[in-house]
Amino acid sequence: MRKLNNPFLKNGKAMILAYDHGFEHGISDFNDFSLLPENILELAANNGYTGLVLRKGLGELLFPVSKKVPLIIKLNGKSPFLRENDSLVSADCSVKYAQELGAKGVGYTIYLGSQFEKEMIKEFGKIQEEARERNLITILWLYPVSKEILSWENFTANACRLGLELGADMVKIKYPGSKEELKKARKYCPSLKILLSGGEKLAEEEFLNNLKESLKAGLDGVAVGRNIFQQEDPESMSKKIQEIIFG
Ligand code: FBP
């Protein structure tokens, strides 16, 4: 199988800024700085980020993002209007259009354990093949459909292995709460790029410690949003993360 050159890596590691929260969570995630997509683009471009995740509307608004930082277009997502936790979350942007916007990668969430898991796997299967044809990287957000599933033994390692076997180039997982789970994921997926998601904003030190522990367990970097743009000083936080990942 041909190996793609992955433009989101520097020395094998990734530091990706996720900014799809308006769609996923709504305006309550933002402050006066982060509500403006232009500020986020400048933050990503000037602080060593190896990628920026946007939904297509912001990709259009900020076009051409890819002149400043490698772009990932997130193809599906769950809105804050949904009442049910478990819903079919289908793509609303094509791989073709993502590439027209300058993306070098496409992102997709599969909610594992969902009653709609089969449909999401099927849709990602098509996306992965088209992305391969177009030389685009695929990043799978592998999230449990409910919080309690995250703590199941082997959940994270099984999720990563599923991502590997689905042909994703990188996967993005939530911190499973233990380093042992991360080590297992690394052991069973040695060739896969595994990125840590940030989750709700933590105290700076706590987040940076989780990151250090995750890298020690063998993870390949981060794809984080709130723990950067909700911090008092997103630039200084970015520099600290950059130092930990790339030294
Ligand atoms: P955060 O670092 O802010 O958690 O962002 C990562 C991310 O995967 C986003 O891409 C997405 O909008 C969000 O988390 C989804 O978070 P949740 O599953 O907590 O709703």
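Q: Which residues are buried in helix H7, residues 155-165?

A: Before reading any single helix, keep in mind that this is a predicted model. A residue is called buried when its relative accessible area is under 20%. In helix H7, which spans residues 155-165, the buried residues are Phe155, Thr156, Ala157, Ala159, Cys160 and Gly163.

Q: What covers the buried residues of H7?

A: To read cover, one looks for the elements that have heavy atoms within 4.5 Å of the buried residues. For H7 the cover includes the strands E4 (105-112), E5 (137-144), E6 (170-173) and E7 (193-197), together with helix H6 (147-150) and helix H8 (179-188). Just after H7, glycine 167 takes a positive phi of about 90°.

Q: Which residues have the most contacts inside the largest nonpolar core?

A: A nonpolar core is read as a set of buried nonpolar residues joined through side-chain atoms within 4.5 Å. The largest one here has 78 residues, and those with the most contacts inside it are Ile16, Leu52, Leu75, Val171 and Ile241. Strand E5, which also helps to cover H7, gives the most to this core, with 6 residues.

Q: Which residues does leucine 75 touch, not counting residues up to four places away in sequence?

A: With those sequence neighbours set aside, leucine 75 touches Arg55, Ser90, Ala91, Asp92, Cys93, Ser94, Val95, Ala98, Val106, Gly107, Tyr108 and Ile127. For the protein chain as a whole, among contacts between residues at least 6 apart in sequence, 72% join residues at least 24 apart.

Q: Why does asparagine 5 count as exposed?

A: The cut-off for an exposed residue is a relative accessible area over 50%. Asparagine 5 has a relative accessibility of 70%, and therefore counts as exposed. This residue lies in the segment before strand E1 (14-18), and its C-alpha atom is separated by 26 Å from that of glycine 198, which is 193 residues apart from it along the chain.

Q: How many helices and strands does the protein chain have, and what radius of gyration?

A: The protein chain has 11 helices and 8 strands. Because a compact globule of 247 residues would have a radius of gyration near 18 Å, the 17 Å of this chain agrees with that expectation. Along the principal axes, its C-alpha atoms fill a box of roughly 40 × 40 × 40 Å, and buried residues make up 50% of the 247 residues.

Q: How many positive and negative side chains are there?

A: The protein chain has 34 positive and 33 negative side chains, and the centres of these two sets lie 5 Å apart. The accessible surface comes to about 11600 Å², of which 50% belongs to carbon and sulfur atoms.

Key: Residues numbered from 1 in each chain as written. Predicted model: local features only at pLDDT ≥ 70, side-chain atom pairs only at ≥ 80, totals over all residues. Heavy atoms only, no water. Helix = DSSP H or I, 4+ residues; strand = E, 2+ residues; numbered from the N terminus. Rg over C-alpha atoms; globule rule 2.2 N^0.38 Å. Buried < 20%, exposed > 50% of the residue type's maximum accessible area, 1.4 Å probe, protein only. Areas by Shrake-Rupley, 256 points an atom, 1.4 Å probe, with all protein chains shown as cover. Lys, Arg positive; Asp, Glu negative; His and termini not counted. Charge placed at Lys NZ, Arg CZ, Asp CG, Glu CD.
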